[in-house]
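Biologist: Let's go over what surrounds the ligand in this one. I'll keep asking how you know.

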Amino acid sequence: MLKKILGTVLCAVIAVTALTGCAGSGKKKVGVSMPTKDLQRWNQDGDYMKQKFEAAGYEVDLQYAGNKADTQLSQVENMINSGCKVLVIAAIESSSLGTALDKAAAKKIPVIAYDRLLMDNDNVSYYATFDNYKVGQIQGEFVKKALDLDNTDGPYNIEFTAGDPGDNNAGFFFNGAMDVLKPYIDSGKLVCVSGQTDFDSVATPEWSTATAQSRAENIIGSNYADKQIDAWLCSNDSTAQGVVNALDSRYTLKDKWPVVTGQDCDIVSVKNMLAGKQTMSVFKDTRTLAERTVTMVGQILDGKTVETNNTYNNNKKDVPSYLCDPVFADINNYKEILIDSGYYTEAQLS
Ligand code: GAL
C-alpha cells in the first residue's frame, strides 16, 4: 500500500515538474546552452548567467556542447524534456537546431538566441547580443587609424583571419571591418600580398587557434620572407593568438610588428597586448550581455513587454533583438576598461 502511495506521489511530482518547469524546488527552470568551454568568453557568459539567474530565483540547467552541433542539439532537447520554461542558446552552427526549436515551440517554450542569431527557424523569440557589425567596424577603424591611411601614402601590407563559417556572427565581423578597409584595398594603399580577401578564404573553422596559426604560418612563409606585414585583421582573440604564434615563429622583421586586432579581451590576448604582440581587442562585457538576458527572461516569464532596440532577420522572421554596445581596449585604456570595471584583477593580467 505504502509503495503505491509513494509511486503515486512520485508520478505527481514528475508531472508537476514537467508541466510547470519547476523542479522540486518550486523554481522555474531556465536552460542555458553554451557552445564550448574551450574559449574563455563562453565560460564567463555561462558562469555569470547562472549566478544572475539563481540570484533572481531561477533554477539553471547550464550545458556546454564541446563545439559539437549534434551534442548541442541533444542537450537542448533534454532541456525541453526536463521542463525548462525558457531556453537561452549560443548556437555552435546557426542553422543546426531547427528540430529542437520546433519542439520548444510545440511546448510554448520561448527561445532567446544568445550572442549568435539562430537562423532559418520561426521559433526564435528574441536575440540578445552585441552589435556585431560594429565590432568589425571598430577593428577596421582601428587599423585605419593605426596606419593613418587617410594621411599617408602607403602602400601597407595587410592579411585577414576571419571566424567560423558556421557562426552567423563571423560574417558580420568580417563585413564590418572590410566595409571600412575595402576602399583602401581598391585604391592600392592596402595590399593583401597573399591575395586572400574573401570570407571563405580567410575563415577559421571553430575559431581554432591552431588552424589560424597554421594558415598564418603558410601565408608568412609563402609571401613575407623579406616583406613587412603592416596589419593583420583578426576577427577575435582565439584567432589572433594563432596569428601571433605564427608571427613569433615565422616572421623575420620582428622590429616591424604588425597591427593585430582581436575581440573578447581574453586574458591571453590582453597579456599579448601588454607584450606588444596584439594591438587591440574589442571588449564585449559578458556581464552586460548576461544581465540583459536575465532581464529579458524575467520580462518574458512575468508577461511583461520585453525591451528590445533592434530586429534581425533570420531568413524566416524579424527577431526582436537587444544590441549591447561594444568598445575596444588597447594598451592605453585597458586598465580603465578591464581592471577598474572589475572585469579582471591586475594579478590575472600579470
Ligand atoms: C562569436 C562571438 C565572439 C567570438 C567567437 C568565438 O560568435 O561573438 O565573441 O569570440 O564567437 O567564440
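Modeller: This is a predicted model. In it, α2 (40–55) and α6 (168–186) each give at least two residues to the shell around the ligand.

Biologist: What makes you say that the ligand lies between domain 1 and domain 2?

Modeller: Residues of the shell come from domain 1 (2–131 + 286–324) and from domain 2 (132–284) alike, so the ligand lies between the two.

Biologist: Which residues come nearest to the ligand, and what is the shell like by class?

Modeller: Of the 13 residues around the ligand, the nearest are Asp115, Arg116, Asp167, Asp264 and Lys284. By class, the shell has 6 charged, 4 nonpolar and 3 polar residues.

Biologist: Why does the pair between Gln263 and the ligand count as a polar contact?

Modeller: The cut-off is N or O atoms within 3.5 Å. A polar side-chain atom of Gln263 is 3.5 Å from a ligand oxygen atom, so the pair counts. For Arg116 the distance to a ligand oxygen is 2.7 Å, and for Trp42 it is 2.9 Å. As for cover, the ligand on its own has 310 Å² of accessible area, and the protein covers 100% of that. The space the ligand takes is the largest cavity.

Biologist: What makes the bond between Gly154 and Pro155 cis?

Modeller: Its omega is about -5°. Pro155 sits in the loop between α5 (132–146) and β6 (156–161).

Biologist: And what is the phi of Cys265?

Modeller: Cys265 is not a glycine, yet its phi is positive, about 50°. Most residues other than glycine have a negative phi. You'll find Cys265 in the loop between β9 (259–260) and α10 (267–274).

How values were computed. Residues are numbered from 1 along each chain as its sequence is written. This is a predicted model: local features need pLDDT of at least 70, side-chain atom pairs count only at pLDDT 80 or more; totals for chains, interfaces and linings use all residues. Side-chain values use heavy atoms; hydrogens and water are left out. A residue is near a molecule or strand if one of its heavy atoms lies within 4 Å of it. A polar contact is a pair of N or O atoms within 3.5 Å; within protein, one must be able to donate a hydrogen and the other to accept it, and residues adjacent in sequence count only if both atoms are side-chain atoms. Accessible areas come from the Shrake-Rupley method with a 1.4 Å probe; for residues, only the protein chains shown count as cover. On a 1 Å grid over the protein atoms alone, a cavity is a set of points where a 1.4 Å probe fits but cannot get out, and a pocket is an open set with protein on both sides within 12 Å along at least five of seven lines; lining residues have an atom within 4 Å of a point. A molecule sits in a cavity or pocket if more than half of its atoms lie within 2 Å of its grid points. Helices (H or I, at least four residues) and strands (E, at least two) are DSSP runs, numbered from the N terminus. Ala, Val, Leu, Ile, Met, Phe, Trp, Tyr, Cys and Pro count as nonpolar, Asp, Glu, Lys and Arg as charged, and the others, Gly among them, as polar. Domain bounds come from an automatic or database domain assignment.
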